Amino acid sequence: MTDVKKPRRRPRSDGQRNRQQLLDVAKAAFTVGEVDIPLDEVARRAGVGIGTLYRHFPNRDALIEAVYRAELDRLAEAAPVLAAQHPPVEALRAWMRLFVDYIAAKQVIAPALNGLVGGTGALYAHSGDVLKAAVNSLVSAAIAAGEFRADIDPLDLLRALAGVSNFSAGPGWEGSAKRLVDILITGSRSSAS
């Protein structure tokens, strides 16, 4: 007898809504320092039962990782959308500003991420791959359009923004990092643009 795998069903809309509500509540809790919020409290604030939470996230680590991945996915999905809606340099500028928001979200949930049982190595490696692909595509488009110098390393742009967040992680660093986006864009321009 052979095992026949059923095709995976698309989640119901109420299930998707519940999952998103759980992610939003967890992120909000992490944002205000409630890293150790009980899972039943997350479910209560989300307006769902604890069984619904466990159906989506079998344990605390799964919830924490899902919050992080949701932020990463939002950033990754923005790159092609921005590229389709804006000229190359403006798409990159908008994406880099979103990258600053991503760094801020990552800093907020870092204490929770640091508690993951399996560590964060694989999770961060995956995020690095996703971020590299997004910024490479946007910078390549700017170079191809003749708006950026050909010697620009896309990762240098991300390193600069990450460096600002690490150097001055106090209140208001996001504004400084977003101003740095404009400086980086200006410094990366080709002499023809």
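Q: Why is R69 called partly exposed?
A: In this predicted model, R69 has a relative accessible area of 29%. Buried would need a value under 20%, and exposed a value over 50%. Because 29% falls in between, R69 counts as partly exposed.

Q: Where is R69 found, and which residues is it in contact with beyond its neighbours in sequence?
A: R69 belongs to helix α4. Leaving aside residues within four places in sequence, it is in contact with L123 and H126. Contact here stands for heavy atoms within 4.5 Å. The C-alpha atoms of R69 and Y124 are separated by 10.0 Å, with their positions 55 residues apart along the chain.

Q: What makes A43 count as buried?
A: The relative accessibility of A43 is 1%. Since the cut-off for buried is under 20%, A43 meets it. This residue lies in helix α2.

Q: Which residues does A43 touch?
A: Not counting residues up to four places away in sequence, A43 touches L22, V48, G49, I50 and L53. Its C-alpha atom also lies 9.5 Å from that of N18, and these two residues are 25 apart in sequence.

Q: What does UniProt list for residues 38-57?
A: The record, an unreviewed entry, lists residues 38-57 as "DNA-binding region". Such an annotation may be inferred rather than shown by experiment. In the model, this span is 75% helix and 0% strand, and its end C-alpha atoms lie 13 Å apart.

Q: How do you know that R179 is exposed?
A: R179 has a relative accessible area of 54%. Exposed means over 50%, so R179 passes the cut-off. It is found in helix α8, and its C-alpha atom is 9.1 Å from that of R97, a residue 82 places away along the chain.

Q: Why is P154 called buried, with a relative accessible area of 12%?
A: The limit for buried is under 20%, and 12% satisfies it, so P154 is buried.

Q: Where is P154 found, and which residues does it touch?
A: P154 is found in helix α7. Setting aside residues up to four places away in sequence, it touches V135, N136 and V139. P154 and S137 are 17 residues apart in sequence, with a C-alpha to C-alpha separation of 9.0 Å.

Q: What makes α4 roughly antiparallel to α5?
A: These two helices pack at an angle of about 180 degrees, and their axes are 10 Å apart. Angles over 145 degrees count as roughly antiparallel, so α4 and α5 fit that description.

Q: Which residues in α4 and α5 meet?
A: The α4 side includes I64, V67, Y68, L75 and L82. Among the α5 residues they meet are W95, L98, F99, Y102 and I109.

Q: Why are α1 and α4 called roughly perpendicular?
A: Their packing angle is about 95 degrees, with the axes 10 Å apart. The range for roughly perpendicular is 65 to 115 degrees, so this pair belongs there. From α1, R19, L22, L23, A26, K27 and F30 meet L63, I64, A66, V67, A70 and E71 in α4.

Q: How many helices and strands are in the protein?
A: The protein has eight helices and zero strands. Along the sequence, this reads as α-α-α-α-α-α-α-α.

Q: How many residues are in the largest nonpolar core, and which have the most contacts inside it?
A: This core has 59 residues, and those with the most contacts inside it are L92, W95, M96, F99, F148 and L161. The elements giving two or more residues to the core are α1 (13-31), α2 (39-46), α4 (60-85), α5 (88-113), α6 (121-144), α7 (154-167) and α8 (173-188). Helix α5 gives the most, with 13 residues.

Q: How do you know that this core lies between domain 1 and domain 2?
A: Domain 1 (11-58) and domain 2 (60-188) both give residues to the core, so it lies between them.

Q: What does L92 touch?
A: Beyond residues up to four places away in sequence, L92 touches V135, L138, V139, F148, L157 and I185.

Q: What share of the protein is buried, and what share of its contacts join residues at least 24 apart?
A: Buried residues make up 38% of the 193 residues. Among contacts between residues at least 6 apart in sequence, 69% join residues at least 24 apart.

Technical notes
Residues are numbered from 1 along each chain as its sequence is written. This is a predicted model: local features need pLDDT of at least 70, side-chain atom pairs count only at pLDDT 80 or more; totals for chains, interfaces and linings use all residues. Side-chain values use heavy atoms; hydrogens and water are left out. A nonpolar core is a set of buried Ala, Val, Leu, Ile, Met, Phe, Trp, Tyr and Cys residues joined through side-chain atoms within 4.5 Å. Buried means under 20% relative accessible area, exposed over 50%, partly exposed in between (1.4 Å probe, protein chains only). Helices (H or I, at least four residues) and strands (E, at least two) are DSSP runs, numbered from the N terminus. Domain bounds come from an automatic or database domain assignment. Axes are lines fitted to C-alpha atoms, for helices over the stretch in contact, and angles run from 0 to 180 degrees between N-to-C directions. Angles under 35 degrees count as roughly parallel, over 145 as roughly antiparallel, 65 to 115 as roughly perpendicular and the rest as oblique.
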